[in-house]
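Let's take a walk through this protein together. Have the sequence and the 3D view open as you read.

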Amino acid sequence: MPTVEIDPDELRELTGHDEKSDEQLREDLFGLGLEYEGETDDGEFELEFAPDRLDRLSVEGVARSLRYQYGDDRGVYVPNTNDADWTIEVDADVPDQRPYVTGAVVRGLDMDEAALESLIQLQEKLHATMGRQRAKGAIGVHDLTMLKGQVGARGGEDTPEEEADPRTEVAPSGGKSVRYTGIGEREDRFVPLEENHEMTPQEVLMAHHTANEFSDLVDDYDAMPAIYDDVGMFSFPPIINGKRTEVTEDSRDLFIEMTGTDQWTIDHMLSIVCYALDARGGRVEEVEIEYADDAAGDYAGNTLVRPNFETKTKTVDHPDIESMLGIDLDGEEVVDLLERAGLDVAGTEGGESDDHALSYEVEVPPYRVDVLHPVDVIDDVGRAYGFNELDPRYPDVSTVGGRHERSRLERAARESLVGLGFEDLLNFHLISEAANYERPGVEPGSDALGGGEPAVIGEPYSEDYEIVRTWALPSILLVLENNTHRSYPQHLSEVGLAIERDEAERTKVAERQTVAAALARHDASYEDAKASLQALCRAFDAELATPPTDHPTFISGRTADIVIDGETVGVIGEVHPEVLVEYDLEVPVAAFEFDLDALRED
């Protein structure tokens with residue numbers, strides 16, 4: 001899962017609780033669902049966060065949640081905004097592949113080193129999550145004092161038509177204006193970040209060491225996205241900003257622009273950033289987004305005012321809260337818990353004499369992009385109440401459940417692997433297509449283990465969770481990649497779910513439980529992996545054979561099929577050096593994976 005680095009001293013300052021020790025903070029953060037993963041060399045907390053709570057991608061967002069948890073803040077907070085002084089003009093030349101833009105101005109910031117680092121981290125984390133590595137949404141933050149927007153009425157006498165730059169027209173209100181447009185790869189030049197000379201967009205894509213990483217995002221664009229002020233081009237989204245408007249610790253006023261493929265996404269990314277800067281004492285100022293009549297996308301001819309801090313409401317029934325949480329609450333208690341969760345009750349219906357007939361109209365703040373259903377509101381009620389305060393009880397049924405045969409087999413396999421020295425993992429079943437196929441070297445649709453057709457998530461929330469994995473070994477390799485800073489040996493295993501598309505199945509997918517394990521150490525070899533596999537099979541009285549085979553993830557000549565009781569059920573081998581390099585692993589890795597059902601007794 002993604003991690004965010006939080007300075008505990010800053011957290012104490014932003015929450016106003018200097019008396020909290022590091023241990024107490026870790027306990028409080030765990031109550032929010034943020035798991036402590038360790039510390040950086042600078043003493044910052046490394047926190048694993050749930051990808052649904054993107055408002056907690058910064059120390060400001062985490063501090064806000066803690067203040068609600070401590071009872072210092074209650075209800076929905078919406079920052080005050082000043083009227084727009086700036087307009088972003090969106091013209092018809094903007095590439096159809098990236099038609100949307102949003103923006104805001106934030107003034108009066110004290111941009112010290114900590115605030116700047118927090119803003120950069122928030123930008124990077126939003127890019128990686130909601131922004132889908134900048135493909136769906138990209139953030140540009142600029143020093144407002146370095147921008148020059150034209151002032152006056154469009155086409156006014158102060159700007160003769162023959163001298164006017166069509167890319168920097170004046171806002172119709174007489175305010176200052178910048179323009180989002182599209183240009184040719186070699187049509188204009190600007191100085192990008194980390195450079196001291198002018199470059200065309202084409203040169204940036206080919207030669208800039210940072211921008212080159214994202215060059216594939218605009219490969220198919222019919223024009224290069226560009227944002228201009230009265231001086232010239234200052235942003236090349238989604239690739240890189242210009243050096244002229246670079247934000248430093250001396251910056252006090254910021255201009256924020258975001259471009260993307262979906263207006264809803266970038267608008268909510270903007271809300272999260274603005275809330276974080278508001279917590280730093282910034283004053284948020286609106287920006288008008290004026291789409292030309294012939295602009296691409298769904299807003300041609302419209303003018304939007306951003307940021308959009310409108311709240312939304314969800315209707316939640318009182319009986320559903322009690323049923324789902326398993327506790328008895330009266331109406332006042334529910335309202336109190338909702339306010340302590342950072343929500344408000346806009347109104348109630350029914351139940352004047354009976355709380356169980358109540359229905360709550362719950363107001364949700366704009367930074368809560370995760371609240372999609374009344375169940376999400378009930379989850380917030382439970383967290384405010386304290387899940388540790390809930391008393392476990394048997395369900396009111398006439399029978400008591402027991403372990404399913406498959407569950408018993410899974411537990412036995414896990415215990416056997418732990419007994420062999422493996423650390424048991426519990427990874428997500430969702431994964432990106434690149435992590436499932438490209439990175440371990442497997443061709444989608446091939447006959448190799450893991451090469452089956454995946455079950456694809458229709459609208460994934462993050463590019464890290466695009467499909468249901470077709471095998472478990474890539475998940476273990478990702479753990480090894482994230483653990484390169486930890487000591488070796490690392491012996492990891494997982495018993496989990498894998499799915500492939502199968503039209504013959506009633507559900508159109510074939511599910512299986514799979515056993516995967518990897519040994520990472522300086523002398524890991526095929527023989528070591530086979531010894532562990534043999535011991536595992538012996539524990540289940542299963543007969544093992546390992547005839548040679550080939551698999552793209554493993555070294556040819558050091559790879560074998562796993563044949564248990566006469567049936568080919570998996571593969572074992574030494575991971576190929578190219579795959580090791582892909583995961584930045586500097587020690588050999590030997591691994592195996594096979595179907596759990598092969599260990600089942602007939």
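What is the mean pLDDT of the protein, and what share of its residues reach 70 or more? This is a predicted model; its mean pLDDT is 91, and 94% of the residues reach 70 or more. One stretch to treat separately is residues 152–173, where the pLDDT is below 50. Beyond near neighbours in sequence, that stretch still has 39 contacts in the model.

Now turn to the interior. The largest nonpolar core holds 66 residues, and those touching the most other members are Leu11, Leu29, Ile88, Phe255, Ile256 and Val273. Helix α6, spanning residues 263–279, gives the most to this core, with nine residues. Ile256 is a good place to zoom in: leaving aside neighbours within four places in sequence, its contacts include Thr102, Val106, Ile139, Val141, Leu270, Val273 and Leu277. There is also a second, separate core of 28 residues, with Ile467, Ala472, Leu477 and Val479 among them.

Let's follow α6 itself. At its start, a side-chain oxygen of Asp262 comes to within 3.4 Å of the backbone nitrogen of Trp264. Along the helix, 15 of the 17 residues are buried. Its length makes sense too: at 1.5 Å a residue, α6 should span 24 Å, and its end C-alpha atoms are 25 Å apart, which agrees. After the helix comes Gly281, with a positive phi near 95°.

Finally, a look at the cysteines. Cys274 counts as buried because its relative accessibility is 0%, and Cys537 is buried too, with a relative accessible area of 1%. The disulfide count comes to zero.

Conventions: Residues are numbered from 1 along each chain as its sequence is written. This is a predicted model: local features need pLDDT of at least 70, side-chain atom pairs count only at pLDDT 80 or more; totals for chains, interfaces and linings use all residues. Side-chain values use heavy atoms; hydrogens and water are left out. A nonpolar core is a set of buried Ala, Val, Leu, Ile, Met, Phe, Trp, Tyr and Cys residues joined through side-chain atoms within 4.5 Å. Buried means under 20% relative accessible area, exposed over 50%, partly exposed in between (1.4 Å probe, protein chains only). Helices (H or I, at least four residues) and strands (E, at least two) are DSSP runs, numbered from the N terminus. Contact means heavy atoms within 4.5 Å. A disulfide is a pair of cysteine sulfur atoms within 2.5 Å. pLDDT is the predictor's confidence in each residue, from 0 to 100. The expected span of a helix is 1.5 Å times one less than its number of residues. A polar contact is a pair of N or O atoms within 3.5 Å; within protein, one must be able to donate a hydrogen and the other to accept it, and residues adjacent in sequence count only if both atoms are side-chain atoms.
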